[in-house]
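Me: I have a structure here and I want to check what each label on it rests on. Can you take me through it, with the cut-offs?

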Amino acid sequence: MFQTLYSYFWWERLWLPANLTWADLEDRDGRVYAKASDLYVTLPLAFLFLVVRHLFETYVATPLAGLLNVKEKIRLKATPNAVLEKFYAATTKHPKQTDVEMLSKKSGCTVRQVERWFRRRRNQDRPSLLKKFREASWRFTFYLLAFIAGMAVIVDKPWFYDLREVWKGYPIQSMLPSQYWYYIIELSFYWSLLFSIASDVKRKDFKEQIIHHVATIILISFSWFANYIRAGTLIMALHDSADYLLESAKMFNYAGWRNTCNNIFIVFAAVFIITRLVILPFWIMHCTVVYPLELYPAFFGYYFFNFMMVVLQSLHVFWAYLIIRMAQKFITGKASWGPGVVEDERSDREETDDTEEEDEAAAKNGPLSNGHPVLNNNHRKTD
């Protein structure tokens, strides 16, 4: 049964144009072709990436955070409460008003104390500023090096300047050593992102991130199997061109370098929109949709590859919407990553509450009225 499934999976008509077989892509006469077995090494390399990431974050990113004076915000801890903790872990982190009233009776706390407890408990679970900085530093380093490497791999190739060259002689196109390592490293990295996504900083687009990583892994793998390597290298380099800018903007944001963060964000937004909403759909996707049909009839692999490209492009449109929202806030002066700093629309905000500030102020200054200390009778109103 396994052999039957294996035969169906690798049926030439799924992966290759008509009248071509896997025998046509066997190494001969000094020509080397991509093989599915080459990608097995990406799984152990993904775990190696996780080890390298841990070492990088410990011995490079953490000292760098100290040099840039990345400061942690002091968070008030929720007092231990078995009833509230059980509800928080088993039911929901965001109780409705009826739940709050019910928990108030069960725990012996006031409604206000229950609400405060949940706010503090949620803040405790949010990633620290140092964790965010370390993660951004790691991704910035990889994306920057990957972009430089990708450009080195493709900048001297004729298909970088003439997209019709992508399909010249397809699929009998020999693989270069630089293409091999570019693919292996990129695919290994995206496997590592997928493996670590549960422990990484979670944002509002968590599900979209999973879809992106899975779609990217499928696209890279399929382009390798079907020898779409020339198109694949162009797509990977195009994606890396904006990602390192976003991660560097995050780093400077966490370090409090607001003007630098703003300026990098403007550059990132421009590069993202140009590469993902202009070059990718109107040049690269045009290349993968139109030009192949001039050489051979459409087959399953052709439709599958371009379908996955549409999935990625849909995610780009979604993220472009968030970026434009951030840009609007920046232009109108309503940015809130900090005073004058654009807020990451994907981030889960740190919760603050006026009642907590009032409680702390009351402990120091006495009761409050409309958020301000009530004047003591022993002091003049002008004091």
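**Pocket, cavity, contacts and bridges**

Me: Which residues lie nearest the centre of the second largest pocket, and how many line it?

Reply: Trp10, Lys35, Ala36, Ser37 and Phe225 lie nearest its centre, out of 24 lining residues. Keep in mind that this is a predicted model, where local features need pLDDT of at least 70, side-chain atom pairs count only at pLDDT 80 or more, and totals for chains, interfaces and linings use all residues. Numbering runs from 1 along each chain as its sequence is written, and side-chain values use heavy atoms, with hydrogens and water left out.

Me: What makes something a pocket?

Reply: On a 1 Å grid over the protein atoms alone, a pocket is an open set of points with protein on both sides within 12 Å along at least five of seven lines, and a lining residue has an atom within 4 Å of a point. The second largest pocket comes to about 640 Å³, a volume being the space filled by probe spheres set on the points, which are joined across faces, edges and corners.

Me: Which elements build its wall?

Reply: Helix H1 (2-9), helix H3 (42-67), H8 and H9 each give two or more residues to the lining of the second largest pocket. The largest share, six residues, comes from H9. Helices here are DSSP runs (H or I, at least four residues), numbered from the N terminus.

Me: How does the lining of that pocket divide by class?

Reply: There are 19 nonpolar, three polar and two charged residues. Nonpolar covers Ala, Val, Leu, Ile, Met, Phe, Trp, Tyr, Cys and Pro, charged covers Asp, Glu, Lys and Arg, and the others, Gly among them, are polar.

Me: How many cavities of 30 Å³ or more are there, and what makes a cavity?

Reply: Four. In a cavity, a 1.4 Å probe fits but cannot get out. The second largest cavity has a volume of about 140 Å³. Of its 14 lining residues, Thr216, Ile220, Ile235, Met236 and His239 are the closest to its centre. Helix H8 (177-196), helix H9 (206-225), helix H10 (229-254) and helix H12 (300-332) supply at least two lining residues each, and the lining of this cavity divides into seven nonpolar, five polar and two charged.

Me: Why is histidine 213 called buried?

Reply: Buried means under 20% relative accessible area, exposed over 50%, and partly exposed in between (1.4 Å probe, protein chains only). Histidine 213 has 3%, so it counts as buried. Histidine 213 sits in helix H9 and is in contact (heavy atoms within 4.5 Å) with Tyr190, Leu193, Leu194 and Ile197, leaving aside neighbours within four places in sequence.

Me: And what puts glutamine 313 in its class, buried or exposed?

Reply: Its relative accessibility is 10%, so glutamine 313 counts as buried. Glutamine 313 belongs to helix H12 and touches Arg276, Leu277, Leu280, Pro281 and Met285, not counting residues up to four places away in sequence. The C-alpha atoms of glutamine 313 and histidine 212 are separated by 9.9 Å, with their positions 101 residues apart along the chain.

Me: How do you know that glutamate 294 and arginine 164 form a salt bridge?

Reply: A salt bridge needs a side-chain nitrogen of Lys or Arg within 4 Å of a carboxyl oxygen of Asp or Glu. Their closest N and O atoms are 2.6 Å apart, and the pair is a salt bridge. This one links distant parts of the chain, 130 residues apart: glutamate 294 is in the loop between helix H11 (258-289) and H12, arginine 164 in the loop between helix H7 (129-154) and H8. Glutamate 294, at 48%, is partly exposed, and so is arginine 164, at 44%.

Me: Which other salt bridges can you show me?

Reply: Aspartate 27 and lysine 35 meet at 2.7 Å, N to O. Aspartate 27 is partly exposed at 39%, as is lysine 35 at 31%. Lysine 250 and glutamate 247 meet at 3.6 Å, N to O; both lie in helix H10, three residues apart, about one turn of the helix, and both are buried. Arg53, Glu57, Arg134, Glu135, Arg139 and Asp200 are linked in a network of salt bridges. The whole structure has 12 salt bridges.

Me: What is the mean confidence, and where does pLDDT stay under 50?

Reply: pLDDT, the predictor's confidence in each residue from 0 to 100, has a mean of 83, and 86% of residues reach 70 or more. Residues 336-343 stay under 50, with 26 contacts beyond four places in sequence in the model. Residues 353-383 are also below 50, and that stretch has 24 contacts beyond near neighbours in sequence.
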